[in-house]
Amino acid sequence: MLPLIIQLISGAVGGNIAGAVLKNLNLGPIGNSLAGLVGGGIGGQLLSMLLSSAGASTAGGATSAGLDMSSILSGVGGGGIGGAIVMAIVGLIKSRMTAKA
């Protein structure tokens, strides 16, 4: 459960950072955070699955002794990048829809 929480928080942070950098795609703090949460969960889980299939960590990021540093970093990285990507996609769709209206 802890790896998922790390991914969600990282996704929300990644979505807000992307919103600050990409001003034209910004959804506001709540929109950036929500899109980041979704993207963080998806991105973190995808990266976790990719790394576990490569043998780098166990599924879900937990070892018998708890979390190791590589699983925490992959959760933060995958969550942050996933959050930023989903926020940018949602922001792009929103900007295209408002441009046509």
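## Helix α1 against helix α3

Let's start with a helix pair: α1 and α3 pack with their axes 6 Å apart, at an angle of about 40°. That angle makes α1 oblique to α3, and the crossing is right-handed. On the α1 side, the contact is made by I6, Q7, S10, G11, G14, G15, A18 and G19. Their partners on α3 are I72, G75, V76, G79, G80, G83, A84 and M87. Sorted by class, the residues of this contact are 6 nonpolar and 10 polar, with no charged ones.

A word on the source before going further: this is a predicted model.

## The chain as a whole

Where do these helices sit in the overall order? The protein chain has 3 helices and 2 strands, and along the sequence they follow the pattern α-α-β-β-α. The chain is 101 residues long, and 34% of them count as buried. Taking contacts between residues at least 6 apart in sequence, 77% join residues at least 24 apart.

## Helix α1 up close

Does the length of α1 fit its residue count, or depart from it? Helix α1 covers residues 2–21, and at 1.5 Å a residue its 20 residues should span 28 Å. The end C-alpha atoms are 29 Å apart, which agrees with that expectation.

The buried residues of α1 are P3, I6, Q7, S10, G11, A12, G14, G15, A18 and G19. Several of these names also appear in the contact with α3, including I6, S10 and G14.

## Helix α1 against helix α2

Helix α1 has a second helix partner in α2 (residues 28–53): the two axes come within 6 Å and cross at roughly 130°. These two helices are therefore oblique to each other, and α1 passes α2 in a right-handed crossing.

From α1, the residues that meet α2 are L4, Q7, L8, G11, A12, G15, N16 and G19. From α2 come P29, N32, S33, G36, L37, G40, G41, G44, Q45 and S48. By class, this contact has 5 nonpolar and 13 polar residues, and no charged ones.

## A closer look at S74

S74 belongs to helix α3, which runs over residues 69–100. Is S74 buried or exposed? Its relative accessibility is 12%, so S74 counts as buried.

Which residues does S74 touch, leaving aside its neighbours within four places in sequence? S74 is in contact with L47, L51 and G79. Of these, G79 is also one of the α3 residues that take part in the contact with α1.

Key: Residues numbered from 1 in each chain as written. Predicted model: local features only at pLDDT ≥ 70, side-chain atom pairs only at ≥ 80, totals over all residues. Heavy atoms only, no water. Helix = DSSP H or I, 4+ residues; strand = E, 2+ residues; numbered from the N terminus. Expected span 1.5 Å × (residues − 1). Buried < 20%, exposed > 50% of the residue type's maximum accessible area, 1.4 Å probe, protein only. Contact = heavy atoms within 4.5 Å. Axes fitted to C-alpha atoms, helices over the stretch in contact; angles between N-to-C directions. Parallel < 35°, antiparallel > 145°, perpendicular 65-115°, else oblique. Left-handed = near helix turned anticlockwise from the far one by under 90°. Nonpolar A, V, L, I, M, F, W, Y, C, P; charged D, E, K, R; others polar.
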